[in-house]
Amino acid sequence: MSALPRAPSAKNAPERQAMPDDQLMLAYAQGDAAAFDVLYARHEGGLFRFVKRLLGARLVAQADEVFQDTWVRIISARDSFSPQGATWRTWAFTIAHNLAMDRLRVSGREVTLDAHPGDDGEPVPMLDRGVRGAVDAAAHPSAEELAFWRAAGRRLLACLDELPADQRAAFLLHHEDGLTVEALAASLEIGFETVRSRLRYGLQKLRGCMERYLSVLEQRA
């Protein structure tokens, strides 16, 4: 993942680090380049992971370009940004979502059944809080447990890649990035029930795809 081609800026003051995203964007629109540095550093990793997972294994080579395009759109919209309504994060992730979905539509790719991403060390979204809690409960995991969770993480990324793009996007925005169903419907400009259906069917498919690992967790409970 390459950084945007930007000139180096002065060291960020502590007060900027404490500023909410919306205030940083407004400050940047008023000419404070260092405010943008803080905003970029804060969301660089999460935004890139979202783009990469949404595009899937077949289009992963285009993730960097979509990531860069997203920030170019954010920069271009700095004068028109308004903190009313959606948060900056929701606004930014919606831009990334729309650009990634455009790439998927152009490619004609809807479902990939043969993708098996490698273990790149990135955190992966869990199916529910119960699974995440099981990870947190192991204060000193054994080598066997670590191998299990690495394998489960690889399998989950592969399962995500098998989902239709709209279901995958809804799952990532809701479960990994914390958007509510209402926020999803508003930001994607689709109906509330449509969002609920995408989440429900997507989660059902993920649970089926992850059945082997989930059954192990149920036996351990």
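1. In this predicted model, one aromatic cluster is formed by Tyr 28, Phe 36, Tyr 40, Phe 48, Phe 67, Trp 71, Phe 81, Trp 88 and Trp 91. The count of aromatic pairs comes to 11.

2. One pair deserves separate mention. The ring centres of Phe 50 and Phe 93 lie 5.2 Å apart and the planes stand at 50°, so the pair is classed as tilted; the tilted class takes what is neither under 30 degrees (stacked) nor over 60 (edge-to-face). Distant parts of the chain are linked by this pair: Phe 50 belongs to helix H3 (residues 33-55) and Phe 93 to helix H5 (residues 88-107), with the two positions 43 residues apart in numbering. Both Phe 50 and Phe 93 are buried.

3. The pair Phe 67 and Trp 71 has its ring centres 6.4 Å apart and its planes at 70°, so this pair is edge-to-face. Both residues are located in helix H4 (residues 63-76), where a spacing of four residues corresponds to about one turn of the helix. Phe 67 has a relative accessible area of 0% and is buried; Trp 71, with a relative accessibility of 0%, also counts as buried. Both residues are members of the aromatic cluster described in the opening point.

4. The packing of H3 against H4 should be read together with these aromatic residues. The two axes come within 9 Å and cross at roughly 140°, and H3 and H4 are therefore oblique to each other. Their crossing is right-handed. On the H3 side, the contact residues are Phe 36, Leu 39, Tyr 40, His 43, Glu 44, Leu 47, Phe 48, Val 51, Lys 52 and Leu 55. On the H4 side, they are Ala 63, Asp 64, Val 66, Phe 67, Thr 70, Trp 71 and Ile 75. Phe 36, Tyr 40, Phe 48, Phe 67 and Trp 71 thus appear both in this contact and in the aromatic cluster.

5. A second helix pair is formed by H9 (residues 181-188) and H10 (residues 192-209), whose axes are 9 Å apart and which pack at an angle of about 115°. H9 and H10 are therefore roughly perpendicular to each other. The crossing of H9 and H10 is right-handed. H9 contributes Val 181, Glu 182, Leu 184 and Ala 185 to the contact, while H10 contributes Phe 192, Val 195, Arg 196 and Leu 199.

6. A final point concerns a charge placed over a ring. The charged end of Arg 200 sits over the ring of Tyr 201, at 5.1 Å from the ring centre.

How values were computed. Residues numbered from 1 in each chain as written. Predicted model: local features only at pLDDT ≥ 70, side-chain atom pairs only at ≥ 80, totals over all residues. Heavy atoms only, no water. Phe/Tyr/Trp six-rings, centres within 6.5 Å; stacked < 30°, edge-to-face > 60°. Buried < 20%, exposed > 50% of the residue type's maximum accessible area, 1.4 Å probe, protein only. Lys NZ or Arg CZ within 6 Å of the ring centre and 35° of its normal. Axes fitted to C-alpha atoms, helices over the stretch in contact; angles between N-to-C directions. Parallel < 35°, antiparallel > 145°, perpendicular 65-115°, else oblique. Left-handed = near helix turned anticlockwise from the far one by under 90°. Contact = heavy atoms within 4.5 Å.
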